[in-house]
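Open the model in your viewer and keep the sequence panel beside it. The stops below are given in the order in which to select them.

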Amino acid sequence: MATFTSSKYPALTLQDDKGIWAQFEDGQFETSDAGVVKRLRALPEEEGITEEKSSAKASGVDGGSGDQK
């Protein structure tokens, strides 16, 4: 799963002749579609789309509940 943020346009909708392929809500968009991830990564920096690092999410999932006794 990849998460992207749109700082410039929080309600951004991306579409082509086949229809909508990405729709941001409150500046966030999550997808597991490799083709969509590739398209978002290819956008110019000026568009304000950034990918969140997955390691930050992974550390929040465990929350330190594993090794406590």
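Start with the side chain of Ser-6: one of its polar atoms lies 2.6 Å from the backbone oxygen of Tyr-9. Bear in mind throughout that this is a predicted model.

Keep Ser-6 selected and show its strand, S1, which covers residues 2–6. Is Ser-6 buried or exposed? Its relative accessibility is 3%, so Ser-6 counts as buried, the cut-off being under 20%. Now display what surrounds it. Apart from neighbours within four places in sequence, Ser-6 is in contact with Leu-12, Phe-24, Gly-27, Gly-48 and Ile-49.

Next, colour the sheet that contains S1. It is an open sheet of three strands in the order S4-S1-S5, and the pairing is antiparallel. S4 and S5 (49–51) are the edge strands; each has a single partner strand, so one side of each has no neighbour in the sheet. Neighbouring strands here are turned by 25 degrees against each other on average, with direction ignored.

Zoom in on the pairing of S1 with S5. Three bridges connect these two strands in the antiparallel sense. Select Phe-4 and look across to S5: the residue opposite is Glu-51.

Move to the other edge and select Thr-31, which belongs to strand S4, residues 28–31. Which backbone atom does its side chain reach? The side chain of Thr-31 comes to 3.0 Å from the backbone nitrogen of Asp-33. With a relative accessible area of 9%, Thr-31 falls under the 20% cut-off and is therefore buried. Show its contacts as well: leaving out neighbours within four places in sequence, Thr-31 touches Met-1, Ala-2, Phe-4, Val-36 and Val-37. Phe-4, which appears in that list, is the residue that stands opposite Glu-51 in S5.

For the last stop, select strands S2 (residues 13–16) and S3 (residues 19–23). They run antiparallel and are joined by four bridges. How many residues lie between the two strands of this hairpin? Two residues separate S2 from S3. To pick out one bridge, select Gln-15 and then its partner in S3, which is Ile-20.

To finish, show Ser-6 and Thr-31 together. Ser-6 has its side-chain polar contact with the backbone oxygen of Tyr-9, whereas the side chain of Thr-31 reaches the backbone nitrogen of Asp-33.

Conventions. Residues numbered from 1 in each chain as written. Predicted model: local features only at pLDDT ≥ 70, side-chain atom pairs only at ≥ 80, totals over all residues. Heavy atoms only, no water. Pairing = 2+ DSSP bridges. Buried < 20%, exposed > 50% of the residue type's maximum accessible area, 1.4 Å probe, protein only. Polar contact = N/O pair within 3.5 Å; in protein donor to acceptor, adjacent residues only side chain to side chain. Contact = heavy atoms within 4.5 Å. Axes fitted to C-alpha atoms, helices over the stretch in contact; angles between N-to-C directions.
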